[in-house]
Amino acid sequence: MLFNSYEFLFLLLPIALAGYFLLLPKAWRHGWLALCSFVFYGWWDYRYCGLLLAAICIDYFAGGRIAATPDPKRKKRWLLLSICGDMGMLGFFKYYDLGAGTANALAQALGAEPGALPLLHLVLPVGISFYTFQSMSYSIDIYRGQARPARSFIDFACYVSLFPQLVAGPIVRYHELDEQLRVRVHSWAKAGAGIVLFVLGLAKKVLLADAVAPMADWGFSQASIGFAGAWSSLAAYTCQIYFDFSGYSDMAVGLGLLLGFQFPQNFNSPYKSASISEFWTRWHISLSSWLRDYLYISLGGNRKGPLRTYANLFLTMLLGGLWHGANWTFVLWGAYHGSLLALERMNGKRGFLWRLPRPVQIAFTFALAMFGWVLFRAPTLAEAGRMFKGLFGLGGWGAAFPAGDAGLLNWGALLFCLMVVFAARNTWEIRWRPGVRLALGMALLFVLCVAVFLVNTSSPFLYFQF
């Protein structure tokens with residue numbers, strides 16, 4: 001189910017809020033939220049609810065055993081059970097075909113029979129990368145002594161399946177919600193802030209991301225593309241993925257506030273970064289911090305000398321790229337960012353142009369991020385190669401996205417997006433004054449969004465594919 005759909009906005013969300021606040025005793029609230037979340041997830045395909053339930057059961061049981069046993073070796077065994085269970089599900093559904101296809105290609109290159117391993121063409125369960133990481137953090141946090149066991153299975157099921165952030169984050173670690181699951185405050189101020197964030201996030205998705213999406217799709221579908229078309233299409237995708245994912249994150253945080261939960265910030269104007277190191281403290285913050293705390297530090301972090309530090313940065317980002325998708329383009333995207341982070345670490349965690357004025361550093365970092373998005377967006381290495389060829393002018397000047405009647409709206413949306421990216425404050429930085437004017441503004445913006453996807457079919461959020 002999509003946040004930007006009639007089923008969610010006018011059916012599930014009102015029912016969920018009515019049951020939570022009006023119909024049920026407080027003691028039943030977490031069970032009700034878990035039930036609504038399973039309906040939300042199962043709307044796409046009810047059969048995959050079993051995977052979500054399996055992750056919940058494995059980590060709840062393993063976390064309880066880790067907390068109960070004093071034996072360090074047994075603790076480690078239960079932790080391994082949790083990690084292997086979650087990563088086993090994620091690996092099978094997400095990476096089996098990539099591994100089998102790669103193994104078959106290598107075997108054929110060595111003269112063996114082609115196609116020894118069958119390709120299963122599995123449908124990737126929506127959000128599996130997010131909820132496995134979130135659920136796994138519970139047993140890891142308990143093992144590290146950073147969290148206590150959940151009060152009940154229902155509380156833990158509510159935490160993992162909570163529909164505001166279930167399928168595309170932010171990845172909320174258990175110790176961040178532990179106390180809120182026990183006691184949290186509901187207020188009109190929280191609810192009002194939640195509504196504002198939700199509507200602004202919806203507007204980012206419907207009015208901005210979806211408006212520039214045709215320009216990006218056009219460029220990446222061309223058999224060959226010139227300089228003008230390549231740069232305009234890449235700029236469109238750069239804005240599309242930002243407003244699509246930051247919009248979802250704002251909506252998730254807004255829905256959380258409506259229910260009394262405070263989720264962590266996931267975006268902090270990342271395109272205003274002066275280095276790639278700074279970019280990764282601002283882009284998808286919950287994933288960056290998860291990889292840092294659970295992977296980079298576990299590999300040794302920066303504690304084992306410079307060379308090991310560079311290798312750990314590279315490997316962390318390589319695996320971060322693979323987390324995004326079972327495709328060699330994502331692996332290369334991760335390797336690209338890992339290499340840039342390692343080079344910046346050699347330079348004292350400073351950007352490559354650190355001696356120049358900050359606006360120049362920001363422009364250069366923005367260009368580096370844009371080049372990376374080519375690998376992120378292109379479905380194959382060959383298509384990425386065509387786009388890079390166009391970006392460097394090797395395909396001639398070419399034609400940009402057609403500026404017909406509809407095209408002018410797309411171009412206008414792109415220019416507006418770039419203005420917002422560099423000139424506007426982050427939504428978390430704005431202090432909204434409650435009042436009639438704010439309420440009317442949000443109501444009008446919401447109606448406009450609904451009117452737009454009344455005409456245009458609702459499009460899934462980009463990170464749903466991960």
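**View 1. Arg148 and its salt-bridge partner Asp178.** With a relative accessibility of 38%, Arg148 counts as partly exposed in this predicted model. Its partner here is Asp178: the two form a salt bridge in which the closest N and O atoms are 3.0 Å apart. Arg148 sits in the loop between α5 (128–143) and α6 (153–161), while Asp178 belongs to helix α7 (residues 174–182), so the pair ties together parts that are 30 residues apart in sequence. Asp178 has a relative accessible area of 7% and is therefore buried. If you widen the view a little, you will find a network of salt bridges linking Arg148, Asp178, Glu179 and Arg182. For the whole model, the count comes to 13 salt bridges.

**View 2. The salt bridge of Asp210 and Lys205.** Here the closest N and O atoms of Asp210 and Lys205 are 3.0 Å apart. Do take a look at how each residue is covered: Lys205 counts as buried because its relative accessibility is 1%. Asp210, at 23%, counts as partly exposed, since buried means under 20%.

**View 3. Arg358 of helix α14 meets Glu278 of helix α10.** The side chains of Arg358 and Glu278 come together in a salt bridge with an N to O distance of 3.0 Å. Arg358 lies in helix α14 and Glu278 in helix α10 (residues 276–279), so this pair ties together parts that are 80 residues apart in sequence. Arg358 is partly exposed, with a relative accessible area of 40%, whereas Glu278 counts as buried at 18%.

**View 4. Gln361 and its contacts.** Helix α14 (residues 358–377) also holds Gln361. This residue counts as buried, at 12% relative accessibility. Setting aside neighbours within four places in sequence, Gln361 touches Ser273, Ala274, Leu353, Trp354 and Leu356.

**View 5. Two aromatic pairs.** The count for the model comes to 54 aromatic pairs. In the pair of Trp44 and Tyr48, the ring centres are 5.1 Å apart and the planes are at 25 degrees, so the pair is stacked. Trp44 is partly exposed at 34% relative accessibility, and Tyr48 is buried at 13%. Now turn to Tyr271 and Phe366, an edge-to-face pair with 5.1 Å from centre to centre and 75 degrees between the planes. Tyr271 lies in the loop between α9 (227–258) and α10, and Phe366 in helix α14, so the pair ties together parts that are 95 residues apart in sequence. Both Tyr271 and Phe366 are buried.

**View 6. Trp283 in the largest nonpolar core.** This core has 133 residues, and those with the most contacts inside it are Phe8, Trp283 and Trp373. What surrounds Trp283, leaving aside its neighbours within four places in sequence? Its contacts are Ile241, Tyr242, Phe245, Asn266, Phe267, Pro270, Tyr271, Ser288, Trp373 and Tyr463. You may recognise Tyr271 from the edge-to-face pair with Phe366.

**View 7. A nonpolar patch at the surface.** Leu11, Ile15, Leu35, Val39 and Trp43 make a nonpolar surface patch of about 450 Å². The elements giving two or more residues to this patch are α1 (6–23) and α2 (29–42). Leu35, a good residue to start from, is found in helix α2. At 48% relative accessibility, Leu35 counts as partly exposed.

Terms used:
Residues are numbered from 1 along each chain as its sequence is written. This is a predicted model: local features need pLDDT of at least 70, side-chain atom pairs count only at pLDDT 80 or more; totals for chains, interfaces and linings use all residues. Side-chain values use heavy atoms; hydrogens and water are left out. A nonpolar core is a set of buried Ala, Val, Leu, Ile, Met, Phe, Trp, Tyr and Cys residues joined through side-chain atoms within 4.5 Å. Buried means under 20% relative accessible area, exposed over 50%, partly exposed in between (1.4 Å probe, protein chains only). Contact means heavy atoms within 4.5 Å. Helices (H or I, at least four residues) and strands (E, at least two) are DSSP runs, numbered from the N terminus. Patches are made of residues with over 30% relative accessible area and no salt bridge: like charges are joined within 9 Å, nonpolar side chains (Val, Leu, Ile, Met, Phe, Trp, Tyr) within 5 Å. Accessible areas come from the Shrake-Rupley method with a 1.4 Å probe; for residues, only the protein chains shown count as cover. A salt bridge is a side-chain nitrogen of Lys or Arg within 4 Å of a carboxyl oxygen of Asp or Glu. Rings of Phe, Tyr and Trp (its six-membered ring) pair if their centres lie within 6.5 Å; planes under 30 degrees apart count as stacked, over 60 as edge-to-face and the rest as tilted.
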